[in-house]
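Here is a short report on one protein chain. Look at the sequence and the model first, then read on.

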Amino acid sequence: MQDTEAIPALESFLNDLSLHPIVCHEAAEALGAIGLESNIPLLQNSLLVDPAPEVQETCELALKQIQELKTVVDGDGTSKTEKSPFMSVDPAAPVSSCSSVDELRNVLLDEEKCMYDRYAALFALRNHGGDTAVSAIIDSLGGKSALLWHEVAYVLGQLQNKAASAALSDILRDVNEHPMVRHEAAEAAGSIAGMTTCYVFYLLTFPL
C-alpha cells in the first residue's frame with residue numbers, strides 16, 4: 001500500500017524489541033517500501049539497537065532501497081523504476097535483464113555480496129522465469145541468511161513452479177528452521193499446491 005499514514009505504527013513496531021523479529025522485520029521492510037527519506041533515522045536506529053540479524057539485514061536493505069529510490073525519481077516526483085510483473089513492491093530493483101541466469105545465480109549464491117545485490121539478482125531471476133532460473137533460485141536455499149531464505153521462498157511462491165515443491169516441503173518439515181523461513185515456505189507451498197504439498201500440510205496438522 002505504501003501508505004505514509006502507517007509510519008507511526010510501523011515505527012512503534014520496529015522499536016518494540018519485545019515483539020517477534022518477524023514483526024520488526026516486516027515493519028522495517030514496509031518503511032523501506034514507503035521510501036521516504038524521513039524513514040532513514042528510524043531504520044538507522046533499529047540497525048544499531050535490534051539484536052536480531054534478520055532485522056539488522058532488513059534495515060540495511062531498506063536503507064539501500066530508499067537511497068536507490070532517490071536516484072530514479074523524475075523531476076515531477078514520479079518513479080522511473082519498472083513495475084514488478086508480479087504487482088509486488090520489491091525490496092530491491094532487479095538487475096539488468098541482459099545478465100545471464102548463470103551470472104545472476106553466482107551473485108545470488110555469493111555470501112560476500114551485499115544483501116541488496118543478492119536480492120536484485122533474485123528478483124531478476126524471478127522475472128526471467130523458466131526452469132533454469134527456478135533451479136538457480138532453489139540452489140540458494142541453504143545459505144547463512146534466514147532473511148534471504150525467506151525471500152527466496154516468497155519468490156518461489158510467486159513463480160508457482162512445481163519444481164520448487166520438494167525444496168519448500170523440506171523446509172516445512174524442519175521444525176528447527178527459522179519461523180520466518182517456514183512461514184514463507186508454507187505460503188509458497190500453498191500457492192503451488194499439488195499432492196506433495198497437501199501431504200506435508202496434512203502431516204504437520206495431524207502428526208502421526
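In which loop does Gln160 lie? Gln160 sits in the loop between α8 and α9 (165-173). The helix labels follow DSSP runs: helices are H or I with at least four residues, strands are E with at least two, and both are numbered from the N terminus.

This is a predicted model, where local features need pLDDT of at least 70, side-chain atom pairs count only at pLDDT 80 or more, and totals for chains, interfaces and linings use all residues. Residues are numbered from 1 along each chain as its sequence is written, and side-chain values use heavy atoms, with hydrogens and water left out.

**The whole chain**

The protein chain has 11 helices and zero strands. Its radius of gyration is 17 Å, close to the 17 Å that the globule rule gives for 208 residues, so the chain is as compact as a globular protein of that length. That radius is taken over C-alpha atoms, and the rule is 2.2 Å times the number of residues to the power 0.38. The C-alpha trace spans about 55 × 45 × 30 Å along its principal axes. Of the 208 residues, 43% count as buried. Buried means under 20% relative accessible area, exposed over 50%, and partly exposed in between (1.4 Å probe, protein chains only).

**Three partly exposed residues**

| Residue | Place | Relative accessible area |
|---|---|---|
| Gln2 | segment before α1 (7-15) | 44% |
| Gln160 | loop between α8 and α9 (165-173) | 48% |
| Leu203 | helix α11 (residues 195-205) | 23% |

Gln2 is not a glycine, yet its phi is positive, about 55 degrees. Gln160 also has a positive phi, near 55 degrees, in a residue other than glycine.

**The second largest pocket**

The second largest pocket holds about 460 Å³ of space. A pocket is found on a 1 Å grid over the protein atoms alone, as an open set of points where a 1.4 Å probe fits, with protein on both sides within 12 Å along at least five of seven lines; lining residues have an atom within 4 Å of a point. Points are joined across faces, edges and corners, and the volume is the space filled by probe spheres set on them.

Its lining has 18 residues, and Met1, Glu29, Ala30, Ala33 and Val89 lie nearest the centre. Two elements give two or more residues to this lining: α2 (21-34) and α8 (146-159). Helix α2 gives the most, with five residues.
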